[in-house]
Amino acid sequence: MLNELPSQLYINGEWCDASDGARFDVLNPFDESVIAQVSSATVADAQAALATAESAQKAWAQRTPRDRATVLMKVFEEFQRRVEDFTRLITLENGKAYGDAIGEANYAAEFFRWYAEEAVRPEGHYGHAPASGARTLVHERPAGIALLITPWNYPAAMGTRKIAPALAAGCAVILKPASETPLTSLLLMEVLKIAGVPDGLVNVIPTRQTGPVVDALLDDPRIRVVSFTGSTEVGRQLLTGCARNILNPAMELGGNAPFIVCEDSDLDAAADGLMMAKMRNLGEACTAANRIYLHDSIAAEFTEKYVAKMAALTVGNGLEERIDVGPLVNRATRDKVHELVQDAVAQGAKCLLGGTMPDGPGFCYPPTVLTDVPAQAKCCHDEIFGPVAAIQTFTDEAEVIDRANTTEYGLVAYLYCGELGRGLKLSEQLEFGMVGLNRGLVSDPAAPFGGVKQSGIGREGGREGIREFVETQYISTVI
Ligand code: NAP
């Protein structure tokens with residue numbers, strides 16, 4: 001188990017304080033106690049990280065794909081050896097329940113294995129131009145140095161989903177983790193060091209000077225890729241910043257997932273699927289089911305089953321393994337969830353379970369089920385990001401697809417229906433980057449995760465994830 005929490009910046013393979021000595025508090029969301037004081041990087045620290053990344057990247061790009069893959073596989077093995085440490089630290093700083101945290105830790109580790117296997121399969125081809133007869137040689141080069149910015153809801157996986165493909169492609173990275181949850185990223189550096197990742201290749205700079213530090217990096221021509229996971233609002237600002245040096249942006253942004261249950265569905269399977277899609281990570285997920293649409297004819301039966309499952313969940317300290325639902329990450333997130341519930345009820349929704357603000361300290365919120373939620377309620381438009389299921393009903397297939405698509409987001413949709421052909425036909429009509437068809441979970445290291453519309457640009461995971469970190473070069477010659 002962890003004795004001492006890493007709390008300094010990690011630059012050039014070494015732990016160091018911020019150049020101005022500044023630190024900030026990281027809280028345990030269960031009781032609001034301070035668990036660590038973490039160094040807060042300055043612009044000078046970010047520039048030091050960039051200088052070291054530059055030389056490390058050149059050497060790393062020269063190594064063979066097999067060599068890079070071997071290092072990545074060692075990271076996977078070392079990460080697995082420390083899964084328990086990661087699980088406890090994720091819970092400690094984020095609050096999520098132990099079961100969610102161990103799921104995240106294993107998912108996070110898996111990106112290193114997947115990209116160890118992908119590193120040795122660079123894409124490319126050799127062709128004949130039909131008119132000129134010139135030979136066309138197409139291959140992929142590492143893009144260079146990537147700036148990675150991650151959110152607090154998956155402190156391990158949102159980082160590894162970027163770091164692993166970047167290293168596989170031959171890039172170096174600078175990671176700026178969320179200020180609520182920087183500790184897990186710092187612990188990951190212990191793993192990388194032991195596994196033999198060269199010094200300077202991965203640097204971690206938590207900071208409370210987020211705007212100036214990120215801006216300084218965006219303005220430096222050595223940064224070539226910006227890979228961001230977070231809110232659409234911040235993504236929009238970063239895209240503007242990327243325009244200054246024409247940087248390649250990879251954006252994993254917000255969602256507003258519909259969860260549709262048709263009249264011919266297996267209702268027990270659909271209720272289990274909704275538990276997964278709504279309550280995984282206690283609803284603090286961009287993939288969380290946000291708008292639940294039940295066919296009129298099964299709505300009462302389904303709701304009864306679902307409320308029973310939600311009522312059986314235990315709420316409390318995520319570090320206790322018997323707890324299903326830990327606290328939300330911070331006060332602002334918890335208060336926003338409660339405001340969305342109050343708004344829906346004020347507009348006519350019925351609250352069948354939960355919906356009351358518990359006494360503090362800490363940021364727990366009870367599993368909540370709302371029915372008859374009017375389409376204009378705020379929770380149908382904003383990400384709820386909490387353990388609140390907002391249920392509406394529908395009568396007609398075409399109407400529900402139209403309602404599901406009526407959002408500026410397009411990350412993931414879930415659809416339960418009895419007949420696979422019908423399910424596939426409806427899935428193709430859903431304007432989302434991912435569809436869970438009779439499944440409440442789509443995240444998989446082997447699959448391209450990502451959204452359309454204002455949910456983002458690019459994909460993470462799968463073969464596609466490595467493409468964010470390479471540039472295609474074409475060589476033309478005549479023989
Ligand atoms: P956020 O407020 O957008 O913050 C995300 C990251 O951006 C943090 O590291 C944050 O740093 C940084 N940041 C904030 N303001 C910035 C600025 N002006 N310039 C540069 N960086 C800035 O999002 P969050 O509240 O942490 O995460 C929740 C959001 O992430 C939700 O919208 C969720 O849907 C989305 N998300 C999307 C995916 C996906 O794959 N599509 C996955 C997970 C989460 P500080 O912490 O220092 O402010």
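Helices (H or I, at least four residues) and strands (E, at least two) are DSSP runs, numbered from the N terminus. This is a predicted model: local features need pLDDT of at least 70, side-chain atom pairs count only at pLDDT 80 or more, and totals for chains, interfaces and linings use all residues. Residues are numbered from 1 along each chain as its sequence is written, and side-chain values use heavy atoms, with hydrogens and water left out.

**Exercise 1.** Find which elements give two or more residues to the shell around the ligand.

*Solution.* Start with the space taken by the ligand: the largest pocket. (A pocket, on a 1 Å grid over the protein atoms alone, is an open set of points where a 1.4 Å probe fits, with protein on both sides within 12 Å along at least five of seven lines.) The elements are helix H5 (157-169), helix H7 (210-218), strand E10 (223-229) and helix H8 (232-244). H8 gives the most, with three residues.

**Exercise 2.** Sort the shell around the ligand by class.

*Solution.* Count the nonpolar residues: 15. Then come 10 polar and four charged residues. Asp, Glu, Lys and Arg count as charged.

**Exercise 3.** Name the residues that come nearest to the ligand, then look for polar contacts.

*Solution.* There are 29 residues around the ligand (a heavy atom within 4 Å). Thr 150, Ser 179, Ser 231, Leu 253 and Glu 383 come nearest. Now take polar contacts (pairs of N or O atoms within 3.5 Å). A ligand oxygen atom lies 2.7 Å from a backbone N or O atom of Thr 150. The side chain of Ser 179 has an N or O atom 2.6 Å from an oxygen atom of the ligand.

Key: A polar contact is a pair of N or O atoms within 3.5 Å; within protein, one must be able to donate a hydrogen and the other to accept it, and residues adjacent in sequence count only if both atoms are side-chain atoms. On a 1 Å grid over the protein atoms alone, a cavity is a set of points where a 1.4 Å probe fits but cannot get out, and a pocket is an open set with protein on both sides within 12 Å along at least five of seven lines; lining residues have an atom within 4 Å of a point. A molecule sits in a cavity or pocket if more than half of its atoms lie within 2 Å of its grid points.
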